[in-house]
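These are my notes from going through one chain, entry by entry. I wrote down what I looked up and what came back.

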Amino acid sequence: MFPREARYKVIAVNDAIVIIGGGPAGLFCALQAAGKGRAVVLFEKKPAPARKLLVAGSGQCNITHDGEIAGFFSRYGDHGAFLRPALLNFTNRDLIAFFADRGLLMQAEPGGKVFPETRRSADVLAVLLAECSARGVAIRCNEPVLAVERDGDGFLIRTGKAVVRAGVLVIATGGASYPATGSTGDGYAFARALGQPVTEVAPALTPVYVEDYPFTDLAGISFENITIAVYRGGRVVRRHTGDVLLTHTGLSGPGILDLSRFILPGDVLRVTFLDGANAEAVRKRVAGAVMEGGARQAKTALCDLALPERFVRRLLDLAGVPAGATCAHLQKKARDALVASVAEFPFTVARLGGFSLAMATRGGVALDGIDHKTMASRIVQNLYCIGEVLDIDGDTGGYNLQATFSTAALAARDITGLPTSR
């Protein structure tokens with residue numbers, strides 16, 4: 001229970017809908033739920049809402065992805081089925097139309113990422129705030145929620161300034177990534193306090209640091225559409241295809257970021273460095289190129305496979321092959337080493353980037369405690385959890401923001417009993 005003195009400041013707001021968190025999930029749920037006599041109060045701990053949204057996509061806001069919504073389901077690891085009702089209720093097309101109807105057009109890139117035409121996250125936020133204002137949402141910034149508790153069939157929400165009694169509570173606090181923006185995992189504590197189970201959390205969509213990394217001076221070299229296999233205890237536990245970037249300390253790029261939520265320290269990543277081929281096919285291709293190279297330099301034969309020259313030079317060095325050696329003069333051991341390096345180069349994972357670097361959070365409010373058709377708690381009546389506070393994390397490319405808007409819209413639909421696609 002709250003301290004007795006706090007109860008002198010209880011404000012009953014006619015069964016208010018209280019939303020904790022002023023990110024895109026909270027704002028979108030608020031504006032969808034407001035109206036027709038429904039009082040909506042949103043608490044935001046920072047001086048202004050949606051600081052994390054403002055840095056999304058390097059400030060350009062990759063808000064969703066192009067294509068059919070059915071293609072989204074496989075982009076959330078093992079949790080796509082949970083999101084299916086939310087994504088179908090409020091699709092990427094609905095999200096694009098929502099902003100277009102308010103004067104902010106969206107544009108899809110060739111790879112499918114969708115951005116506002118202005119390429120400004122601030123313009124996305126401006127639309128959300130304008131709609132909240134027009135619909136009478138009370139946004140209380142600089143007022144962090146300190147604690148929540150059940151009060152009959154409602155809730156008491158305590159801040160440093162007041163205790164508000166609400167009929168409906170929505171936890172939309174985000175995850176634990178980018179803590180400087182306000183996402184510090186507060187929502188997990190609120191959920192637990194109300195009896196809602198929470199899974200272990202860890203950084204997701206984050207770079208990988210490698211033990212004894214041999215490519216420090218090759219930072220910036222990238223590879224498109226290559227395969228990464230995750231080995232744990234000598235067995236493959238996950239395989240993924242995507243773009244990979246060499247950094248000063250390890251691996252990054254969309255392919256690594258997407259896979260990072262399944263990687264643990266001590267895992268071995270075996271990377272196949274040729275576009276769109278599996279390891280065995282690459283072995284045959286590289287071996288054939290070297291065997292048929294004859295008097296050609298090994299460096300030239302490998303570069304002809306569309307491998308960057310600086311990278312090839314490093315592979316030759318690691319295999320103990322002189323820079324000018326011809327294919328015909330390669331000994332079997334050196335040839336096998338080169339083939340293995342291109343087909344399945346091993347990287348032992350030292351650690352993953354922390355929450356300050358992670359774009360998303362793995363873990364959160366357990367999905368088995370949430371009704372996936374409404375985003376309502378199965379345990380606590382009139383409690384909803386939406387957005388990144390849930391145990392959901394998607395691939396890069398706009399999938400996480402789409403899930404945020406879709407879960408917010410679905411919760412608002414259940415709260416109001418009205419469709420919220422537009």
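**Backbone outliers.** I started with Lys36, which is exposed, with a relative accessible area of 72%. I had picked Lys36 for its backbone: phi is positive, about 50°, and the residue is not a glycine. I found Lys36 in the loop between H1 and strand E2 (40-43). The model is a predicted one, and I read every value here as computed from it.

I then looked up Ala306, another non-glycine residue with a positive phi, here about 70°. Ala306 sits in the loop between H9 and H10. I noted Ala306 as exposed because its relative accessibility is 69%, and the cut-off for exposed is over 50%.

**The chain as a whole.** I stepped back to the overall counts. The secondary structure comes to 12 helices and 18 strands. The C-alpha trace spans about 85 × 45 × 35 Å along its principal axes. Of the 422 residues, 55% count as buried. I also checked how far contacts reach along the sequence: among contacts with a separation of 6 or more, 72% are between residues 24 or more positions apart.

**Helix H1 against helix H5.** Two packed helices are described by the angle between their axes and the distance between the axes, so I looked up both. For H1 (residues 24-33) and H5 (residues 121-134), the axes come within 9 Å and cross at roughly 35°. I recorded the crossing of H1 and H5 as left-handed.

Which residues of H1 and H5 meet? From H1, I listed Pro24, Leu27, Phe28, Ala30 and Leu31. From H5, the list is Leu125, Leu128, Leu129, Glu131 and Cys132. Sorted by class, this contact has 9 nonpolar residues, no polar ones and 1 charged one.

**Cysteines.** Cys132 sent me to the disulfide search, which gave a count of 0. For Cys132, the nearest cysteine sulfur belongs to Cys29 and is 9.9 Å away. I put Cys132 down as buried because its relative accessibility is 0%.

Why is the sulfur of Cys303 too far for a bond? The closest cysteine sulfur, in Cys327, is 11 Å away, and a disulfide needs the two sulfurs within 2.5 Å. Cys303 counts as partly exposed, at 22% relative accessibility.

**Phe73.** I went next to Phe73, in the loop between strand E3 (64-65) and helix H3 (80-89). Is Phe73 buried or exposed? Its relative accessibility is 15%, so Phe73 counts as buried, the limit being under 20%. Leaving out residues up to four places away in sequence, I found Phe73 touching Gly80, Arg84, Leu87 and Leu88. I also took the C-alpha distance from Phe73 to Leu83, which is 7.3 Å across 10 residues of sequence.

**Salt bridges.** How many salt bridges does a search of the whole structure find? The search gave 20, and I followed up three pairs and a network.

The pair Asp66 and Arg93 has its closest N and O atoms 2.8 Å apart. This pair links distant parts of the chain, with Asp66 in the loop between E3 and H3 and Arg93 in helix H4 (residues 92-100), 27 residues apart. Asp66 counts as partly exposed at 34% relative accessibility, and Arg93 counts as partly exposed at 40%.

Glu309 and Lys299 form a salt bridge through their side chains, at 3.6 Å from N to O. Here Glu309 is in helix H10 (residues 309-318) and Lys299 is in helix H9 (residues 298-303), 10 residues apart. I have Glu309 as partly exposed, with a relative accessible area of 36%, whereas Lys299 counts as buried at 19% relative accessibility.

For Asp336 and Lys332, the N to O distance in the salt bridge is 2.7 Å. Both residues lie in helix H11 (residues 332-343), 4 residues apart, about one turn of the helix. Asp336 counts as partly exposed at 36% relative accessibility, while Lys332 counts as exposed at 55%.

My last entry is the network: Arg75, Arg261, Asp393 and Asp395 are joined into one by salt bridges that share partners.

Definitions and conventions. Residues numbered from 1 in each chain as written. Predicted model: local features only at pLDDT ≥ 70, side-chain atom pairs only at ≥ 80, totals over all residues. Heavy atoms only, no water. Axes fitted to C-alpha atoms, helices over the stretch in contact; angles between N-to-C directions. Helix = DSSP H or I, 4+ residues; strand = E, 2+ residues; numbered from the N terminus. Left-handed = near helix turned anticlockwise from the far one by under 90°. Contact = heavy atoms within 4.5 Å. Nonpolar A, V, L, I, M, F, W, Y, C, P; charged D, E, K, R; others polar. Buried < 20%, exposed > 50% of the residue type's maximum accessible area, 1.4 Å probe, protein only. Salt bridge = Lys/Arg side-chain N within 4 Å of Asp/Glu carboxyl O.
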